Structures are given as C-alpha cells and as structure tokens.
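Biologist: I would like to go through this model with you. Can we start with the ground rules and then one helix?

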Amino acid sequence: MFHKITYNRKHDFATVHNYGCTFRCPICSYKLKSGADGIPGLSYPKPDKFLTIEEIKSTLLSVNPSSVHFMGGEPTVAGMLPEMLSFVKREMGAETVLGHTNGVNLSIPDLDAANVGLKAWHEDVHLKVTGVEKSRIYGELERAALRGMRVAANMIYIPGLVDVDQLSATARHLSAFRVPFHIMGYIPVPGQPYRRPTIDEMEDARRACREYIPDAEYSYLSPEEVLSLERNDDRFDVKVIAGSGCHRTLMPTAF
Ligand code: SF4
C-alpha cells in the first residue's frame, strides 16, 4: 500500500513509498528506526492513511517527473503497482524503477529498472534470513537481466553471517549477466548479534569482488549517516508532495 510521494527537483524523479514487505529479515535496516521489536520491512509509525490510485496519479502528473521510483519495504506487495507502472510508462512517458526490491517479483509489465537487494549466497543463510529459497530470487534477477531490464544488485556485508566468500561468489555469478554490484557495510540493528565490518574488511571485500566486477563499489555509512542520507547525497534531498508517514530510505540506490 502506498502512503507517500516525494519529489527530487534537481534530479527530476518522484518516489512512491510503500508500507509492508514479503519477508521478515532479522537484519532488516528498518529496525534502525523501529527498534528490536519492530516488524522488519515496515516503515514506522504506520501511516494513518494510504493514498488512492487517483491521488497518486494526479500528484505525479503535477510534477511530471522523468522517472518514478517505487520503494519502501517491498514495493511489489502493493496491489496497485501494475496499474501504476502502466500509467507512469504509457501515459506519462516516464521511466519506471523499483528503487529497492528484494527481487521476489521482477516479472511485471512496464517495469524498466530494478535495484535488487540480495541477502546471501549460501542457501542455508538465504533461507535463514529471508525464509525463501535462493533460486527464487536469483532466478528472477537472471531472467530480468536476460530480457534486457536494467538491473543492479547489492548485498550487505555482515561479518559472521554474510562474509567475503559469499560476496565474491555473488559477484562472480552476477558478472555472467553483466549486473552491477554494490557492497553495503552492515549497520547493527537492535536485537541482532552481528557487528559492523571494519573499513579494512570493506576494502578486502571490494578487492575480492573486483576480480569479477571491476567497478564494484561499497558504501560504509555510520548509523547517523544512514538516518540523514540527504546531508551527503542530493538524491535524497526530497520534498514530500503527497501523503504522510516515514519516507526516508535507509539504503543508497543504484538509479
Ligand atoms: S526484504 Fe528488505 S525490507 Fe523486507 S524485511 Fe528484508 S531487509 Fe527488510
């Protein structure tokens, strides 16, 4: 369900924010805002009101952006997403992007691009974190790349859970599909036992991934920085143009 729309004038894109997710990952960064007892994938507090499809359409038309991003938890859980993608692409002539997705469903008509957050390479870790088999997510991503969709992937480096071996194996796999790859340093979420990687470990991870994807990069944000991304990156400097509730993304986006 979509509850808020923001607009970035400088980069001319709008973002439609969803509430809710298909997964319940224990390391979900939304817990940085909601705390250990918060339900992963949900922005807090729960919005008082959700936007109707007509409200979303009229708001987007009022700013006429060159691209529209859908994000927040997992945007493909929103039942109105297919109609929104069709409207944005066919009636507005704008690019359609899943700004962040867990990759559970990339086979949606009128979708131009997706930034996929992969969780793990090892099957047991993938199941432990997401509750679904790895092949379901990687298969979606591979099929999307093969049919020409612009896709990028990222994975969080979590020492003791998702280590360099999983990051480099993922990079090696993605290189066959020419999918860009970004490593994110884990920011400890409440109630979880994992620590933040060191900067040296991030450098090692990037070096390992660059064996397969030469321009692989990493983000190494502090908890304070991740809650105020707009200070260092003007793509996050947005104005709320409809709705209410939390709108901040907690992760850098590739598009
Ligand atoms: S898929 Fe992403 S938003 Fe959903 S629970 Fe997992 S980490 Fe959180």
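Modeller: This is a predicted model; local features need pLDDT of at least 70, side-chain atom pairs count only at pLDDT 80 or more, and totals for chains, interfaces and linings use all residues. Residues are numbered from 1 along each chain as its sequence is written.

Biologist: What covers the buried residues of α3?

Modeller: Helices (H or I, at least four residues) and strands (E, at least two) are DSSP runs, numbered from the N terminus. Contact means C-beta atoms, placed from the backbone, within 7 Å. The cover includes β2 (13–18), α2 (53–63), β3 (67–71) and β4 (95–101).

Biologist: Which residues of α3 are buried?

Modeller: Buried means that 20 or more other C-beta atoms lie within 10 Å of the residue's own; exposed means 12 or fewer, partly exposed in between, with C-beta atoms placed from the backbone. Helix α3 covers residues 81–91. Its buried residues are L81, M84, L85, F87 and V88.

Biologist: Why do they line one face of the helix?

Modeller: An α-helix has 3.6 residues a turn, so residues three or four places apart point the same way. The arc is that of the directions from the helix axis to the C-beta atoms. Seen down the axis of α3, the buried residues line one face because they fall within an arc of 165°.

Biologist: Which residues are exposed on the other side of α3?

Modeller: After α3 comes G93, with a positive phi near 70°. On the helix itself, the exposed residues on the other side are R90 and E91.

Biologist: What arc do the buried residues of α4 cover?

Modeller: Helix α4 takes in residues 123–130, and its buried residues are H126, V129 and T130. They sit on the same side of α4, because their arc around the axis is only 75°.

Biologist: What is included in the cover over the buried residues of α4?

Modeller: α4 is followed by G131, whose phi is positive, near 85°. Over the buried residues of α4, the cover includes α5 (134–146).

Biologist: How many charged residues are in the shell around the ligand?

Modeller: The surrounding residues, each with its C-beta atom, placed from the backbone, within 6 Å of the ligand, include R24, E74, Y30 and N102. Ala, Val, Leu, Ile, Met, Phe, Trp, Tyr, Cys and Pro count as nonpolar, Asp, Glu, Lys and Arg as charged, and the others, Gly among them, as polar. The shell has six nonpolar residues, four polar and, as charged, two.

Biologist: What percentage of the protein's residues is buried?

Modeller: The protein has eight helices and nine strands. Of its 255 residues, the buried share is 44%.

Technical notes. Two residues are in contact if their C-beta atoms, placed from the backbone, lie within 7 Å.
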